[in-house]
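I set out to record, entry by entry, what I looked up in this structure. The notes begin with one backbone oddity and move on from there.

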Amino acid sequence: MRRPVLTLVMTIFACTPHAPSPSPADVVAKEPAEAPPEPAAPREPLPPKSPPASTTWTTLTVAPGCELQIADAPASLGPPLAWKPCAGGPEGCVETPTRTAGALAPDVDLTGLSRGGQVTIAVRRSLPGRRSRYLLAPRDGLPFFAVEGPEDAQCSLGQVGLSDDGAVVEVLFDSDDADVSRAYLRGPLAEDPSWREVAAVLPRGKFRGFISESVLSVGGRVMVEQNGGPLRWFDPEGERWYEVPGSHDGWECCASGHGDAVVFSYAAIPERPMAARLGERAHPLHREPVDGTSPVLIDGARAVWVEGRGRDNNNFYKTIDLWAADVIDGPALANAQRVLAVPSKTMPTPHFGGGVVAIPLRESLGEVMVVRLDPREQRVLRAPAEHAIERVLWISSDEVAVRVGPADMRGEPRVVRRIPLAALPPWTAA
């Protein structure tokens, strides 16, 4: 007998017991040479235009009155996005709008994840008749999952969460004025029969006051992050939700999944990065307290974070630095090293993938510092004139993807840009 099924949602996305840390050793970053930008690396040909949809769809009933349509052949829908050369961008840059022809408001949303040398994207498209479609696909490939659903108070697609363990799609149903029931689909980052089963259900009123901050896949299980904490994961064998011990000892935020472990932070003063394996108690990642820190970001066996010292009552810092460490069993951090100074007085939230770190500079919405860890290299991404970089979507070993919009918040549509790292100029301090 088939289990009820659920739908997918996206959020537009976003910290291991450990042995005593060795004394951190400062690593002095060499000043970048004053040289013209390197020529852009050759780009793969742009994907062909999407062919007419030719898939059949299977109906999945989440609950009475809440039905989803799952594509039987998602790849036949064609590439999720049509990329074209950037208007006035650097060599090799490609872009796609967030508003399709005839739409009065943005009807395309996008997030991505770079892990293990592969980028996976999740794309939301608004459809006529108050419906939405979500597609999951490799960055330059065809969808491995597609789902459609209504957009109303009784049934709608919610968030989607990407992790190296897989993805989770949320479906909202059975709502009243205060609470809403949730169902979750979970599967690997590839076409798989598990995408056609409901992996977990969180009935309305199960946890009073529950506000979902994010959803993620950890150890093959659905995990939900509640606004303010705690983290909970669903055991399909016992058909019950378990709280991550130690994740309710503060205002929990910013969770990310890595294999069978979850990494998160307590949004306290100072912040406290934490980690826990599935079924184990959460433990701190930093043994020594600091004045302030970003969430710890992990990609494979490496971790990075941004650390501040000299914090005042307005949350400004005297110094802010980028740090890196090895990830060892636990998970825990080892061989922590200061990488370089970050030219900011407020705490930024970095992005990490493919051995490259992207650090948005809050004092300048038009700049992102891009740091390759090995070999050490610093570059800068600047927004076009009169525009701002609204969000870093992903960073990989070969490119950075950002959403760019008008700096004055006028109604001009946003675009998503993918810029080759080789096309970025070297970083120079102002």
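Entry 1, positive phi. I began with Glu-386 and found it exposed, with a relative accessible area of 61%. I then looked up its backbone: phi of Glu-386 is near 65°, a positive value in a residue that is not glycine. Glu-386 lies in the loop between β30 and β31 (387-395). I also looked up Glu-239, which has a positive phi of about 50° although it is not a glycine. Glu-239 is located in the loop between β16 and β17. I asked whether Glu-239 is buried or exposed. Its relative accessible area is 58%, so Glu-239 counts as exposed, the cut-off being over 50%.

Entry 2, confidence. I note that this is a predicted model. The mean pLDDT of the protein is 86, and 87% of its residues reach 70 or more. Over residues 1-37 the pLDDT is below 50, and this stretch has 136 contacts in the model beyond near neighbours in sequence. For residues 39-51 the pLDDT also stays under 50. I recorded 23 contacts beyond four places in sequence for residues 39-51.

Entry 3, the sheet around Glu-239. I followed the loop of Glu-239 to the strands on either side, β16 and β17. Strand β16 (residues 231-235) pairs with β17 in the antiparallel sense over four bridges. Which residue stands opposite Trp-233 in β17? I found Tyr-242 there. The two strands belong to an open sheet of four, in the order β14-β15-β16-β17, with antiparallel pairing. The edge strands are β14 (212-218) and β17 (240-243), each of which pairs on one side only. From one strand to the next the twist averages 30°.

Entry 4, cis peptide bonds. I looked up the bond from Gly-330 to Pro-331 and found it cis, with omega near -10°. Pro-331 sits in the loop between β25 (319-328) and β26 (332-341). The bond from Asp-374 to Pro-375 is likewise cis, with omega near 0°. Pro-375 sits in the loop between β29 (367-372) and β30 (377-382).

Entry 5, nonpolar cores. How many residues are in the largest nonpolar core? I recorded 25, of which Val-62, Leu-136, Phe-145, Val-147, Val-171, Leu-185 and Trp-195 touch the most other members. The elements giving two or more residues to this core are β2 (57-63), β3 (66-71), β8 (131-138), β9 (145-152), β10 (155-163), β11 (166-173) and β12 (181-187). A second, separate core has 20 residues, among them Val-304, Ile-320, Met-347 and Phe-352.

Entry 6, strand β3. I then turned to β3, one of the strands contributing to the largest core. Why is β3 described as largely enclosed by the rest of the structure? Five of its six residues are buried, so the description follows; buried here means under 20% relative accessible area. β3 pairs with β2 in the antiparallel sense over six bridges. In that pairing, Thr-59 has Gln-69 in β3 as its bridge partner. The hairpin of β2 and β3 has two residues between the strands, and Gly-65 takes a positive phi near 85° in this hairpin. β3 also pairs with β9, in the antiparallel sense over two bridges. Here Gln-69 stands opposite Glu-148 in β9. I therefore note Gln-69 as a residue to view with both partners, since strands of a sheet pair through backbone hydrogen bonds.

Definitions and conventions:
Residues are numbered from 1 along each chain as its sequence is written. This is a predicted model: local features need pLDDT of at least 70, side-chain atom pairs count only at pLDDT 80 or more; totals for chains, interfaces and linings use all residues. Side-chain values use heavy atoms; hydrogens and water are left out. A nonpolar core is a set of buried Ala, Val, Leu, Ile, Met, Phe, Trp, Tyr and Cys residues joined through side-chain atoms within 4.5 Å. Buried means under 20% relative accessible area, exposed over 50%, partly exposed in between (1.4 Å probe, protein chains only). pLDDT is the predictor's confidence in each residue, from 0 to 100. Contact means heavy atoms within 4.5 Å. Two strands pair if DSSP finds at least two bridges between them. Axes are lines fitted to C-alpha atoms, for helices over the stretch in contact, and angles run from 0 to 180 degrees between N-to-C directions.
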